[in-house]
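Open your viewer and get ready to click along. Each stop below tells you what to select and what you will find there.

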Amino acid sequence: MAVQPPPADQRIVIENVAIATVDATDTEYARGHVVIKGNLIESVGDGPAPQWLDNVVRRINGEGHLITPGLVNTHHHFYQWITRGLAQDNILFDWLVALYPTWARIDDRLVHAATLGSAAALLKSGCTTASDHHYVFPKDGGDILGASIEAVQSLGLRFTALRGSMDRSKKDGGLPPDHAVESTEEILIASEAAVDTYHDASFGSMLHVAIAPCSPFSVSTELMREAAVLARRKGVRLHTHGSETAEEEQFCKELFGMGPTDYFESTGWLGEDVWMAHCVHMNDSDIAKFAETGTGVAHCPSSNARLAAGIARVPDMLRAGVPVGLGVDGTASNESGELGTELRNALLINRLHGRPDALTARGALRLGTMGGARVLGRQHEIGSIEVGKLADLALWKVDGIMHSSIADPVAALTLGALPPLAALFVNGNAVVEKGTLTTVNEDQIALACARAAKELAARG
């Protein structure tokens with residue numbers, strides 16, 4: 001059952017708290033207040049909250065805490081929660097070849113369990129909005145997309161469901177097994193049905209749908225072109241993997257006679273309604289095209305490191321004006337499944353470009369909040385703490401043993417260990433309290449995921 005929004009006149013007051021708003025000027029308050037009314041931010045500012053407020057159902061003393069916008073995850077594969085720890089030392093293509101046969105045996109029941117695990121990990125790490133790129137739909141797998149949506153809604157996470165797809169199998173020169181793909185026609189019909197059934201474009205929506213063919217090496221050019229036409233006809237966004245590895249770039253040049261970015265441009269896949277995952281191997285021309293068209297990037301630092309894909313040129317992208325957000329990626333290539341830890345990993349990995357200011361503490365927080373909101377096209381609703389925006393907020397405890405001596409609370413979050421999550425609000429609801437989920441039983445999820453992983457492995 002979906003988590004319902006709180007009464008519209010109900011107020012929650014958080015006071016005496018350090019605030020990083022991540023607004024256009026990076027406004028911060030050392031000791032301020034935030035007022036939630038219903039599912040919206042009613043007030044934010046320095047000092048105590050207004051005294052005249054009525055119908056206050058909860059007051060939180062934020063002494064020793066930092067409040068930030070909830071984190072936004074721009075790329076994930078929830079189903080991979082039940083295939084973690086496999087193919088530990090492989091590069092992307094070998095990793096895919098090793099795991100595709102297992103993934104091709106999933107069904108809606110297993111995906112439901114895996115989604116609960118993935119979404120729970122995100123919430124417990126401060127994530128309030130997530131996108132999930134699911135592209136494996138076995139013919140006897142049942143209603144996989146519906147199962148993942150139902151699982152997410154039961155936890156109260158704001159969600160963008162990416163109806164993914166593959167129609168290029170081994171017999172066509174791709175990597176997926178022949179039985180793991182759909183026909184182009186089946187994909188287009190199912191993608192349109194997903195939009196019609198689930199997509200809610202209203203302000204404050206808890207559920208968006210985007211159209212997301214998997215990658216250039218697993219889908220046909222026809223599908224890429226037709227998916228772009230369909231998405232724009234339906235008014236939804238487009239997502240795929242792009243420029244993740246050197247091998248992908250070589251694959252595109254051999255198959256299409258051009259690199260990934262030029263290929264995307266030739267199929268109508270550059271624009272403000274498009275974002276790509278990874279974008280590790282981008283040259284100056286690629287970055288310029290992304291900046292000119294407003295094409296977004298989901299930066300997945302931990303997964304890129306896990307698969308030895310390389311280091312994305314995020315500082316150069318940001319200087320050029322490319323929209324960039326953070327992504328966990330699938331938990332078969334980022335076993336932690338946490339978005340909160342990606343703040344620190346993004347900051348540190350991007351400094352390996354050789355510049356200590358390549359990404360700052362506040363720049364990392366912006367990537368994980370407003371950057372992600374912009375990539376998902378929701379920057380007017382989420383991503384910063386501003387009056388009128390949705391009450392998606394993370395309250396971090398930064399006065400404990402791991403953080404009390406760090407001078408700057410934002411640095412405590414982005415340079416230190418991930419702080420304990422005192423509370424997480426999504427749409428005005430407290431879905432995490434003192435690090436524990438409030439909407440579901442964590443032990444039951446852990447047991448269901450363990451069973452699902454064993455069952456899937458046994459199907460081999």
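Start with the second largest cavity, which holds about 50 Å³ of space in this predicted model. To see its walls, select Ala20, Thr21, Val22, Asp26, Thr27, Glu28, Arg362 and Leu365, the residues that line this cavity. Try colouring them by class: three are nonpolar, two are polar and three are charged.

How many cavities of 30 Å³ or more does a search of the whole structure find? There are two. Next, then, visit the largest cavity, with a volume of about 130 Å³. Its lining has 18 residues, and those closest to the centre are Leu92, Trp95, Leu96, His241 and Glu244, so select these five to find the spot. Now show helix H1, residues 92–103: this helix gives the largest share of the lining, four residues. Counted by class, the lining of the largest cavity has eight nonpolar, seven polar and three charged residues.

Now select strand E11, residues 274–278. Is this strand largely enclosed or not? Five of its five residues are buried, so E11 is largely enclosed by the rest of the structure. Add strand E10, residues 238–242, and look at how the two strands lie together: they pair in the parallel sense over five bridges. For one facing pair, pick glycine 242 in your viewer, which stands opposite histidine 278 in E11.

Then bring in strand E12, residues 296–299. E11 and E12 run parallel, and three bridges join them. Here you can pick alanine 277, which stands opposite alanine 298 in E12. Show helix H8, residues 284–293, as well, and you will have a right-handed β-α-β unit made of E11, H8 and E12.

For the last stop, select strand E15, residues 421–426. Six of the six residues of E15 are buried, so this strand is largely enclosed by the rest of the structure. Which strands does E15 pair with? One of them is E14, residues 393–397, which pairs with E15 in the antiparallel sense over four bridges. Look for leucine 395 opposite alanine 423 in E15. Another is E16, residues 429–433, which runs antiparallel to E15 and is joined to it by four bridges. In this pairing, phenylalanine 425 stands opposite alanine 430 in E16.

Finish by zooming in on the hairpin of E15 and E16, which has two residues between the strands. Click on asparagine 427 there: this residue takes a positive phi near 60 degrees.

Conventions. Residues are numbered from 1 along each chain as its sequence is written. This is a predicted model: local features need pLDDT of at least 70, side-chain atom pairs count only at pLDDT 80 or more; totals for chains, interfaces and linings use all residues. Side-chain values use heavy atoms; hydrogens and water are left out. Buried means under 20% relative accessible area, exposed over 50%, partly exposed in between (1.4 Å probe, protein chains only). Two strands pair if DSSP finds at least two bridges between them. A crossover is right-handed if, with the strands pointing away from the viewer, the path from the first strand over the helix to the second runs clockwise. On a 1 Å grid over the protein atoms alone, a cavity is a set of points where a 1.4 Å probe fits but cannot get out, and a pocket is an open set with protein on both sides within 12 Å along at least five of seven lines; lining residues have an atom within 4 Å of a point. Grid points are joined across faces, edges and corners, and a volume is the space filled by probe spheres set on the points. Ala, Val, Leu, Ile, Met, Phe, Trp, Tyr, Cys and Pro count as nonpolar, Asp, Glu, Lys and Arg as charged, and the others, Gly among them, as polar.
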